[in-house]
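Here are some friendly notes to read alongside the model. Keep the structure open and look up each residue as it comes up.

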Amino acid sequence: MFDRLVETFCDFDDFCKSIKTQWEAMQLSDGKIPRKHGPEGGLIDSEIMTLLVLYHTSRFKNFKTFYNGVVLGMLRPYFPGAPCYERFLTLTKRVWVLLAFFMASRMGRKTDIYYIDSTPLVVCHNRRIYRHKTFAGLAERGKTSTGWFFGFKLHLVFNRQREIVALKLTPGNVSDATPVPELTKDLIGKLFGDKGYIGQKLAHQLLRRGLALMTRVRKNMKALPVSFLDKALLNGRNIAETIIGHIKEFSSLRLPKHRSVFNAFTHITASIIAYQINPLPPGQIKAFIP
């Protein structure tokens, strides 16, 4: 759990220092030194980012338990300026943009083989949809193979090293195939997905720019001939489901617990970064790739 604590902090601290000049240049200013309101946070941005990502690698299911028990207890010597739990929640809002920039800078390299899949992010039980307020106007009702849900969809594209190449968060009522052109706009090679991505129009659109979409066919469809290598890679498509399950289970990606949209999106970003820092190692699927 703590084996990469210092290394992770150094990565975030180096990133924050490198982007600080560019970040300040983008701010609107009249040349005067801005006044500071309220007490200092006690933690710098890189420390806040480290703790958020550390939580999503700790297998804790509750952030309050993690912060009060681990950060304020075991990790107090490493973070002497750590404030109380309520104050830390307020500080997390200021690092969301930095986390998003860091996540974009850690995207996996482009290869010639990719896997795509989506997963629902439920924000409340279906019986509480009309009483839900936190994500009102943002979340929508959607349907997957397991039934109806209310929330968002997280669309992910992985390369053959199991690294995240592209991602997109959409309302739950968005079809799996809708964000594919934007997600794969810079990719060339072969893209493997499940039956939710079947579509002649989509396949032709991607093929015109050098990306071949390959999926299994439904029972009432005629199967096209494919090579042994493509069939083996298609059989390995479930690795995308394995990675998504790993992210959701071990990164504690649970939106119903959040009462703030900013904090929820911050934790989604931190959970993705936690996987980017330590992705699942390539398995036997590598043996099928020349």
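In which helix is Gln276 found? Gln276 is found in helix 10. Before we go further, please keep in mind that this is a predicted model.

1. Let us stay with Gln276 for a moment. Gln276 has a relative accessible area of 13%, and because anything under 20% counts as buried, Gln276 is buried. Leaving aside neighbours within four places in sequence, Gln276 is in contact with Met103, Arg106, Met107 and Ile164. Take Met103 from that list: Gln276 and Met103 are 173 residues apart along the chain, yet their C-alpha atoms are separated by 7.9 Å. Now look at Arg106, whose backbone oxygen lies 3.4 Å from a polar atom of the Gln276 side chain.

2. Next, a second residue of this helix. Helix 10 covers residues 261–277, and Ser271 is found there. Is Ser271 buried or exposed? Ser271 counts as buried, because its relative accessibility is 0%. Not counting residues up to four places away in sequence, Ser271 touches His56, Ile247, Ser251 and Leu253.

3. Now zoom out to the whole chain. Its secondary structure comes to 10 helices and 6 strands. The chain has 290 residues, and 44% of them count as buried. The accessible surface comes to about 16,400 Å², with 56% of that belonging to carbon and sulfur atoms. If you take contacts between residues at least 6 apart in sequence, 68% of them join residues at least 24 apart. The pair Gln276 and Met103, which are in contact, is 173 residues apart along the chain.

4. Strand 1 deserves a careful look. It spans residues 113–124, and 10 of its 12 residues are buried, so you can call this strand mostly covered. Which way do strand 1 and strand 3 run relative to each other, parallel or antiparallel? Strand 1 and strand 3 (residues 147–159) run antiparallel and are joined by 10 bridges. To find one of these places on screen, pick Asp117: its bridge partner in strand 3 is Leu156.

5. Strand 1 also pairs with strand 5 (residues 189–192), and here the sense is parallel, over 3 bridges. Start from Ile113 to see this pairing, since its bridge partner in strand 5 is Lys190.

6. Strand 5 has a parallel pairing with strand 6 (residues 211–214) too, over 4 bridges. There, Phe192 stands opposite Met214 of strand 6. To get from strand 5 to strand 6, the chain passes through helix 7 (residues 200–207), and this β-α-β crossover is right-handed. Try tracing that path yourself.

7. Finally, the cysteines and disulfides. How many disulfides does a search of the whole structure find? The search finds 0. Two cysteines make a nice exercise in reading accessibility. Cys124 counts as buried because its relative accessibility is 9%. Cys84 has a relative accessible area of 42%; values between 20% and 50% count as partly exposed, so Cys84 is partly exposed.

Methods
Residues are numbered from 1 along each chain as its sequence is written. This is a predicted model: local features need pLDDT of at least 70, side-chain atom pairs count only at pLDDT 80 or more; totals for chains, interfaces and linings use all residues. Side-chain values use heavy atoms; hydrogens and water are left out. Two strands pair if DSSP finds at least two bridges between them. Helices (H or I, at least four residues) and strands (E, at least two) are DSSP runs, numbered from the N terminus. A crossover is right-handed if, with the strands pointing away from the viewer, the path from the first strand over the helix to the second runs clockwise. Buried means under 20% relative accessible area, exposed over 50%, partly exposed in between (1.4 Å probe, protein chains only). Contact means heavy atoms within 4.5 Å. Accessible areas come from the Shrake-Rupley method with a 1.4 Å probe; for residues, only the protein chains shown count as cover. A disulfide is a pair of cysteine sulfur atoms within 2.5 Å. A polar contact is a pair of N or O atoms within 3.5 Å; within protein, one must be able to donate a hydrogen and the other to accept it, and residues adjacent in sequence count only if both atoms are side-chain atoms.
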